[in-house]
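Here is a quick tour of how two chains sit against each other, with a stop at a domain boundary and at one single residue. Have the model open while you read.

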Amino acid sequence: MQRSTRETKPQAAAVQGEDITREDRVMKRVFLSPAVIVLLALSIFPLFWSLGISFTDILRGGSTLQREAQSSGVEASGFLGQDFNVTLRNYDRIFDDERLHIAARNTLFFVFVGVTVQYVFGLLLALVLNQEFIGRGIVRVIFLMPMMTMPVVVGYLGRMMFDSYRSPIADLYRHFVAWWEGVPLIGSELDATLPWLTNGSWARGTIVLMDSWQWIPFVTLILLAGMQAIPDDIYEAARVDGASSLQMFWRITLPLLAPLSLTVVLIRGLEIFKIIDVIVVTTGGGPGSATESLTMYIYKTALTFGNYSYAAAISFALLVLVIIFAMVFLGLGRRLVPRGLY
Amino acid sequence: MTRRPIWQTVLLYAVVLFWCFIVLFPFYWLGTTSFKRQLDAIRLPKYVPYYDFEPTTEHWDYLINVQGDVTWRHFRNSLIAASGGTGFAVLVGAMAGYGLSRFRYRWPVLNWNNDNIAFWVISQRFLPPALFVVPFLIAYTNLDLIDTHIGLIVAYTMFNIPFAVWIMRDFFNGLPADLEDSARVDGATRWTAFTRIVLPLSAPGLVSVAIFSFVFSWNEYLYALMLTNFEAITMPIFIAGQNTQRGVEWWYISALAITAVLPVVLIGLLLQRFITRGLVAGALKG
């Protein structure tokens with residue numbers, strides 16, 4: 001099977017160059033246009049519109065100007081009934097909004113810690129699964145289950161598992177502490193609870209754990225496919241030269257997996273930037289705003305507080321973070337990955 | 001393969017079993033909780049039915065018989081929105097993927113070739129959806145699309161297209177053009193060749209794109225949250241909403257969660273090979 005990545009080679013020789021038929025000249029537009037139109041209309045246009053809104057004072061139900069007009073009995077006018085002032089106040093506010101800074105910090109925590117945990121454990125599991133063992137097919141199927149589960153349900157599962165009193169994990173911990181201290185479980189005044197979701201720092205970690213539970217299998221499956229694509233003779237040659245398994249891992253497996261690793265980390269990182277559903281059902285952003293993510297704060301600003309223009313402005317702050325993250329990784333990819341490995 | 005020492009084999013099975021346990025235990029817990037009496041669910045954890053606690057079907061009875069209409073309404077909303085979004089995305093994605101694989105484009109001004117276009121398309125998948133909250137809210141309010149199925153289908157089509165194009169393009173790249181070429185020599189038009197020859201041959205690719213789009217849309221939360229408020233609410237929003245009403249009723253939530261998760265997980269188990277293939281294609285080419 002042909003697997004070209006860098007260059008797309010249109011296979012029908014006839015459609016290359018000048019000898020393209022008139023029918024094809026029309027058809028090539030017909031094939032691509034629907035997708036491009038949808039993306040232009042529903043992705044690119046809203047993006048610029050949102051950028052425009054972020055420089056105004058539009059709130060839900062109109063702008064400040066429009067509200068004043070309504071209260072003095074004048075008909076609303078202007079674009080979509082929204083008469084507005086152009087202002088920089090939203091971007092001004094970004095710099096002093098304490099809650100926004102906390103949300104940004106939390107989001108970066110989720111992204112970086114989450115990506116690290118998922119990559120390390122995903123890689124270790126892939127190394128293990130790359131061996132031959134009985135029941136491999138079933139294990140693969142089991143691995144897919146968390147990925148298919150709705151994040152909202154993952155959140156509820158997490159709450160059931162990490163409840164400080166009634167969960168299996170709390171139960172296990174209680175038994176462990178009782179055994180450790182050598183006291184009977186019932187009757188002694190044992191205080192053995194962990195604030196999984198009730199303490200800010202703990203809750204951030206717990207949320208990363210839930211996201212990791214769902215996505216470590218994804219990282220594993222991708223890396224596993226990458227490992228299986230590495231030809232056996234490279235290992236064979238290394239073995240003949242007397243390399244240990246550890247050396248083979250550091251010198252062969254890891255470098256050859258580098259492009260794929262960067263892709264997986266990039267995908268996971270970009271996805272974690274969007275995190276909202278797990279947090280909504282577990283902590284609701286609390287305690288205080290200790291686990292609030294940027295997406296959640298943007299959503300609240302727009303729908304709960306009705307401040308459309310400010311929500312648009314902070315969504316662009318999020319976009320800037322996302323772009324920096326992606327650029328760093330794509331840049332790393334170009335530097336770390338030797339040419340011709342793709 | 002050289003024989004590995006026994007301790008490695010033991011370690012291997014230990015790790016595999018441990019991870020399977022980590023993955024499966026929460027699902028086991030979900031299942032048992034949906035059969036627990038309320039007191040059994042809110043006190044110290046009970047693990048084994050008939051031994052630790054006496055199972056009851058009252059919550060399932062409540063979900064299916066008492067609340068049947070409500071459950072079905074949200075389930076149906078999810079079904080409509082996800083299928084609609086999937087259908088359009090597969091169609092549009094297959095067309096664009098075919099175009100990008102078989103023709104040579106060069107966009108004026110930007111001077112983009114096929115690879116640039118494909119990269120632009122897939123990059124849309126990774127834009128944070130939070131960027132679209134405000135424009136979608138304003139546009140949907142003005143167009144009266146809030147709380148409608150069409151509104152959700154449009155949004156889901158939009159976010160599924162990039163992935164569909166990406167996967168289908170890769171799939172068509174691996175599909176030899178000879179068959180279409182000979183059909184066209186025999187007088188078939190490009191479009192007939194596409195619908196009669198290319199599409200049937202690419203069924204595996206289409207299935208894999210359809211599964212992914214369906215699962216993404218089925219599990220989607222943010223768009224559904226902002227674009228619906230009563231009539232068109234989907235399962236994720238409905239389930240997340242149980243958080244606040246009448247305290248947390250774990251037994252009812254568990255039953256509801258199983259209802260929502262089971263269809264997708266079943267699809268996943270049955271069509272496992274298409275998923276792995278799609279995942280790998282999506283990432284290897286990234």
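At roughly what angle do the axes of helix H1 of chain A and helix H7 of chain B cross? Keep in mind that this is a predicted model. The answer is roughly 130°, with the two axes coming within 10 Å. H1 of chain A covers residues 22-54, and its partner H7 of chain B covers residues 149-173. Oblique is the label for angles that are neither under 35 degrees, nor over 145, nor from 65 to 115, and H1(A) and H7(B) are therefore oblique to each other. The crossing of H1(A) past H7(B) is left-handed.

So who touches whom? On the H1(A) side you'll find A:Ala35, A:Val38, A:Leu39, A:Leu42 and A:Ser43, and facing them from H7(B) are B:Val154, B:Thr157, B:Met158, B:Ile161 and B:Val165. By class, this helix pair brings together 8 nonpolar and 2 polar residues, with no charged ones.

Now zoom out to the whole contact between the chains. Chain A puts in 81 residues and chain B puts in 88 residues. On chain A's side, H1(A) gives the most, with 17 residues.

Chain A also has a boundary of its own, between domain 1 (33-87) and domain 2 (100-336). Their C-alpha centres lie 38 Å apart. Where the two domains meet, 9 residues come from domain 1 of chain A and 8 residues from domain 2 of chain A. On the domain 1 side, H1 and strand S1 (58-59) of chain A each supply at least two residues, and H1(A) gives the most, with 4 residues.

Here is the make-up of the two chain A surfaces, by residue class:

| Side | Nonpolar | Polar | Charged |
|---|---|---|---|
| Chain A, touching chain B | 58 residues | 14 residues | 9 residues |
| Domain 1 of chain A, touching domain 2 of chain A | 4 residues | 3 residues | 2 residues |

Last stop: B:Ile275, which sits in helix H14 (residues 272-284) of chain B. Is B:Ile275 buried or exposed? A residue needs 20 or more C-beta neighbours within 10 Å to be called buried, and B:Ile275 has 23 inside that distance, so it counts as buried. Setting aside neighbours within four places in sequence, B:Ile275 is in contact with B:Ser208, B:Ile211 and B:Gly268, and also with A:Leu144 from the other chain. For a sense of scale, B:Pro5 is 270 residues away from B:Ile275 in sequence and 34 Å away in space, C-alpha to C-alpha.

Notes
Residues numbered from 1 in each chain as written. Chains lettered and ligands numbered in written order. Predicted model: local features only at pLDDT ≥ 70, side-chain atom pairs only at ≥ 80, totals over all residues. Axes fitted to C-alpha atoms, helices over the stretch in contact; angles between N-to-C directions. Left-handed = near helix turned anticlockwise from the far one by under 90°. Contact = placed C-beta atoms within 7 Å. Nonpolar A, V, L, I, M, F, W, Y, C, P; charged D, E, K, R; others polar. Domains from an automatic or database assignment. Buried ≥ 20, exposed ≤ 12 C-beta atoms within 10 Å, placed from the backbone.
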